[in-house]
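Biologist: I would like to go through this structure with you. Shall we take it one question at a time?

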Amino acid sequence: MFCSKKKSLEVERIVKANDREYNEKYQYTDNRIHTCKYNILTFLPINLFEQFQRVANVYFLFLLILQLIPEISSLTWFTTIVPLVLVVTMTAVKDATDDYFRHKSDNQVNNRQSEVLIDSKLQNEKWMNVKVGDIIKLENNQFVAADLLLLSSSEPHGLCYIETAELDGETNLKVRHALSVTSELGADISRLAKFDGIVVCEAPNNKLDKFTGVLSWKGSEHSLNNEKIILRGCVLRNTSWCFGMVIFAGPDTKLMQNSGKTKFKRTSIDRLMNTLVLWIFGFLICLGIILAIGNSIWENQVGDQFRTFLFWNEGEKNSVFSGFLTFWSYIIILNTVVPISLYVSVEVIRLGHSYFINWDRKMYYSGKATPAQARTTTLNEELGQIEYVFSDKTGTLTENIMTFKKCSINGRIYGEVHDVLGQKTDMTKKKEAVGFSVSPQDDSTFPFFDHHLMESIKMGDPKVHEFLRLLALCHTVMSEENSAGELIYQVQSPDEGALVTAAKNLGFIFKSRTPETITIEELGTLVTYQLLAFLDFNNFRKRMSVIVRNPEGQIKLYSKGADTILFERLHPSNEDLLTLTSDHLSEFAGEGLRTLAIAYRDLDDKYFKEWHKMLEDANAAVDERDERIAGLYEEIERDLMLLGATAVEDKLQEGVIETVTSLSLANIKIWVLTGDKQETAINIGYACNMLTDDMNDVFIIAGNTAVEVREELRKAKENLFGQNRSFSNGHVVFEKKQPLELDSVVEETVTGDYALIINGHSLTVYDQWFITLFNIVYTSLPVLAMGIFDQDVNDQNSMDCPQLYKPGQLNLLFNKHKFFICVAHGIYTSLALFFIPYGAFYNVAGEDGQHIADYQSFAVTMATSLVIVVSVQIALDTSYWTIINHVFVWGSIATYFSILLTMHSNGLFGIFPRQFPFVGNARHSLTQKCIWLVILLTIVASVMPVVAFRFLKVDLFPTLSDQIRQWQKAQKKARPLRSRKPQTRRSSSRRSGYAFAHQEGYGELITSGKNMRAKYPPPTSGLEKTLYNSTSWIENLCKKTTDTVSSFSQDKTVKL
Amino acid sequence: MSQKYIWVTRRTTMKRKSQDCPSRLPDNSAVKQQQLPAYRLQLSANKILFGFFATGVFCLGVGVILLLSAKTIKEVEINYTEKCANCAKLRENAANFDKECNCSIPFVLPETMKGNVYMYYKLYGFYQNLYRYILSRSNSQLVGTDVKDVRNCAPFKTSHNGIPIAPCGAIANSMFNDTIILSYNLNSSIHIKVPMIRSGITWWTDKYVKFQNPSFQNLSSAFAGTTKPPNWPKPAYELDEEDPGNNGFINDDFIVWMRTAAFPTFKKLYRRLHRIEHFTEGLPAGSYSFNITYNFPVNRFQGEKAVVLSTLTWSGGSSLFLGLAYMVTGAVTWLAFFSMLAVHLRLRERKMFFLQQ
């Protein structure tokens, strides 16, 4: 526990850079984190306090107290204390182990190194010693140590890129940028050391996407928002270094604020168990009352006269009072009816399951060397009961690795391989990949197999050239040459990357860009195009264009975008080509490829100049700026000449289709919540079999607000009534009309397999382990206790013995109906267990003529029968016998007998004559033939009805698993299990959506030159303008990202 | 219906795995991969049906054997509560405890009781299984370690003047103390006392482990400082006047009594027939009489007492119950077998259909 709780709640935070003394007076926490709960000293008190908040333990304690009252005490105190101590110790050991690992990981994190500016020098310091107000240096790919205010970075204008996967799971990079005043500090240590700005900001909170604060420095104030903040847990990417000032440290960081106390999640089994335990408790009370009344009556009628032998005190002669005392005695005696240790055994089982999950090689993802990891041990069995799987974003379904597969240029498809007979065949790895292998820039992994395209390029087909040129020019990719002289493309969306790379491999190499030029290498010759305008992508335009002037002076507009959009804007002369390309697109789409249409337009100089002037005017306009710009874009992007179409494959993650199919067969509904375009979402939905052609009702739900979406969903639900799966495509649009789609859904392979395998395995897992553990906890321990305290088993409380294990058994098929069947079974078994020995012992002498109906022999007989009956029941329930099962089942019987013999041995009696009065009992009883006959009869009588019942159930109402088991058996006889047929890729008539996974705003970023190195200095003349612009694009970007975040939080409410 | 949602995301908080781990591929051991060699228990219909049939045969067989052997047992039970009414009346008043009362009950044995014959006393309505009654004893006293240890013996711990009782407790105090002597009336004038053995009627462990006299040369001095239970006419060390070795805590009758019965009606072994002279074959048919010294009061708790003579079989003194229970179980199992068979055959076609699916 951290004792850092402030005396007063922090309302706002004031931090001064490089001034530890100043900051100290606010007593901010340092960067040390404590996720552990205890230390060596506090462990015992805190853990015990926590444990005794549990009903089960309190119940035991209550019993213990009851037992200390001699008038009531019917069992010795250690009957209760043994299980209690056992339970508490086991839980404590588990908690201690957990905490030990937390300590270890805390230590590891706290001891990470980071460079801190101390005394005007950069010094290596452990994370835990970093203080609020410190300036720390981060290097590329480093984890951020604390919540920082970004001061400066290696990138121009104080930009830096971070990956927030640890925080929100998004793998795409986010941009952060420093205030211009601080970004000037650069890497100048002396200037940074002198930086003494004061930040006044919000108090620590857990909102990852909000930050408000003000930096006061050099007499001026600068407002701070989330875009200036790098949060702990992020990783610095594509930025060689940056400096930041610690605002929140350690437990105050947003990450830690979010990862606060883990809420204990209760599974439905927990809840059911609680209910049942309450019922059982009620049952126990009723039993106690009935028995107490019985006792009163007996006292009144019989006991009264029997007093001669006891000379009871006068006070106890009152039969009502005696009944009252009896009630409490019975509560104690029958306490084992309440299956308190069930909770513990369930915990142990869950722990075992999670180990199995972690150990499962089938759930090992070799790609990332990641085994499955069960993060919580409390929800394992819930995995067998999943009804809905939610997946965020379509990107989880796909590998997000795009490959350029096919294209249609001027009505001809390239990328299909024709065999000798002229029939299309799928591209196979046998074919040699094509490409200009002479080119040093060749990407050796480029999997394009069509030689026809190469021939066309070589022959100089102008359309083909224009097509590739467009691919090399019209994009937002940034290029960089690394030290080895290789071109590195910084790709903002992978499908663009695929296109540019394709062009590169086909001889049109995008080399470099400045805000005003684009240089490409066309079949070996460098050509520089002047970038005149960049008509950026957005979700409504669904296209992007560039207007360039080639060295010959011609102005061209190159456009790529969604076919539906682009086809509307074509010149009428394209009609024939359009139909042809359209067919091709359908074909591509049928293969699940993502398509884009490609077109260009020749512009004449004068027209462009006019247009450009209007654009500049519009840009300068104060009101309706966006609308005017959009209008101008519309205006120029028309009369396009169609070039063709591209088809990019976004490979689904391995096994997604199979997983999705299995999940839907398992009647698990899948929801994908995605921020993708509707087309992409639908496309992927089809691609991974979530949507199929025979699903005729695909609902597109578009609503602009949460309320609307809810309404739409409700309507769709009405329509869908009876159908088990819906494809609801909620289009929630916020301020900036950022679409959010609620989608029906899929699944990442790794996690998907996890769920699936658990589904498949849950049967065996339960069978094996439940039963094994059941044995340890339920047969061994109570038997151990019973061996000592055989008084338990007298007439009344024999009732409880079978019930003692019944509720445990329920875990297999845990519902109330089953529960009552089990209770009935338990009552039957207990009756058999009591009355058969009773009848058999009544008035009977043993082999040596001595009476065997003494209560000790009777108790031993019943206990032995019980243990064997329970073991036989378990043996019958175990359908999967491993060595461990054998050991536990037979072992528990063996243990029982050895404990019994030990307890009844002369030696033990010699030492503790008072505690072990059963001396010689086992030896005497178990050598009697008639006792074994009684035991045998008891077993037969208690087990046979169960077997008969099950047999009839399987015969009359076979469950699916029964049928499957039978089928498996039949299959096994015939031949080994058939491996699953590989799923054939769907062939769908559906038009594949165009897919473009990138954000708006990058065009602006490019034309402003903000993200370019100094070696391409922006024209000085435009500096002010670009500076002004820069804020706007960054704002735009930010808006996009925050929208996404907020829309995600929104869809949680929508989903209700 | 509660619905379960599981969020599947790639979201991770605080990933702190050490990256330098060489391989995180889980071990390929059979335990971890849940691939322990296993036998899949498949109870097919045929197996189950066969099992039921066999169990039925077994139960019926055992039942028949038990019933037949139970029939061979000869047993004579004579309830002498009413027959010794005057003694019973005398004992109703606790003040008369020191007055002797004898009672003779003649009876005729129509058939010879062959083999070992055992004599029991039998009590009706005596709750030796009463919880407090069972607890009211001191095992450490009875094992001779501490003759004055009377801790658990309430309400018979000490006498009125505070002297610890030995043996203490309600069980010991209520010990059955009738003397029963069986006489064989060879003819009207010659009455032979049937020779009886009073040893070997206890468990070995009881006699030699659980009950031990305090180790003194003189038994009466071993019991010094203690007093006799209030209901007893004599102290423990004078229980058996004939056999000095049968006194104190190791007295056989005492040990038998101390092994408390599970039910309110019980019989306890009293004597075994000493097979000598006339009785080498067992008890010959003829007229007998029980001479009872009536000490034990049963009227106070509306109980009854009886004396039982019985022979044994291989399984002991089995009653009809076990045999009948086996018969019933066997019959029910067969009934179940036939009905299951019927159901199974009727559904066979349906089953085949499933299998083909």
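**Salt bridges and surroundings**

Biologist: How many salt bridges does a search of the whole structure find?
Modeller: Bear in mind that this is a predicted model. The search covers all chains. The number of salt bridges found is 32.

Biologist: Which residue forms a salt bridge with A:Asp19?
Modeller: The closest N and O atoms of the pair are 3.6 Å apart. A:Asp19 counts as partly exposed, because its relative accessibility is 22%. The partner is A:Lys16.

Biologist: A:Asp617 and A:Lys613 meet in a salt bridge. What separates them along helix H17 of chain A?
Modeller: Their side chains meet at 4.0 Å, N to O. Helix H17 covers residues 605–620. The two residues are 4 residues apart in that helix, so the separation is about one helical turn.

Biologist: Is A:Lys613 buried or exposed?
Modeller: Exposed means over 50% relative accessible area. A:Asp617 has 39%, so A:Asp617 is partly exposed. A:Lys613 has 52%, so A:Lys613 is exposed.

Biologist: Which residue of chain A forms a salt bridge with B:Arg259?
Modeller: The closest N and O atoms are 2.7 Å apart. B:Arg259 lies in the loop between helix H8 and strand E10 of chain B, and its partner lies in the loop between helix H24 and helix H25 of chain A, so the pair joins two chains. Both residues are buried. The partner is A:Asp854.

Biologist: Which residues are linked with A:Arg469 in a network of salt bridges?
Modeller: A salt bridge pairs Lys or Arg with Asp or Glu. The network includes A:Arg469 and A:Lys556. Linked with A:Arg469 are A:Glu466, A:Glu522, A:Lys556 and A:Asp602.

**Helices and surface**

Biologist: How are H3(A) and H10(A) oriented to each other?
Modeller: Helix H3 covers residues 55–67 and helix H10 covers residues 319–333, both in chain A. Their axes come within 10 Å and cross at roughly 130°. Angles over 145 degrees count as roughly antiparallel, and 65 to 115 as roughly perpendicular. The crossing fits neither range, so the two helices are oblique.

Biologist: In what kind of crossing does H3(A) pass H10(A)?
Modeller: Packed helices are described by the angle and the distance between their axes. Here there is also a handedness to name. H3(A) passes H10(A) in a crossing that is left-handed.

Biologist: What is the area of the nonpolar surface patch that includes A:Trp279?
Modeller: A:Trp279 is in helix H9 of chain A. A:Trp279 counts as partly exposed, because its relative accessibility is 36%. Together with A:Leu278 and A:Phe820, A:Trp279 makes a patch of about 330 Å².

How values were computed. Residues are numbered from 1 along each chain as its sequence is written. Chains are lettered from A and ligands numbered from 1 in the order in which they are written. This is a predicted model: local features need pLDDT of at least 70, side-chain atom pairs count only at pLDDT 80 or more; totals for chains, interfaces and linings use all residues. Side-chain values use heavy atoms; hydrogens and water are left out. Patches are made of residues with over 30% relative accessible area and no salt bridge: like charges are joined within 9 Å, nonpolar side chains (Val, Leu, Ile, Met, Phe, Trp, Tyr) within 5 Å. Accessible areas come from the Shrake-Rupley method with a 1.4 Å probe; for residues, only the protein chains shown count as cover. Buried means under 20% relative accessible area, exposed over 50%, partly exposed in between (1.4 Å probe, protein chains only). Axes are lines fitted to C-alpha atoms, for helices over the stretch in contact, and angles run from 0 to 180 degrees between N-to-C directions. Angles under 35 degrees count as roughly parallel, over 145 as roughly antiparallel, 65 to 115 as roughly perpendicular and the rest as oblique. A crossing is left-handed if the near helix is turned anticlockwise from the far one by less than a right angle, and right-handed if clockwise.
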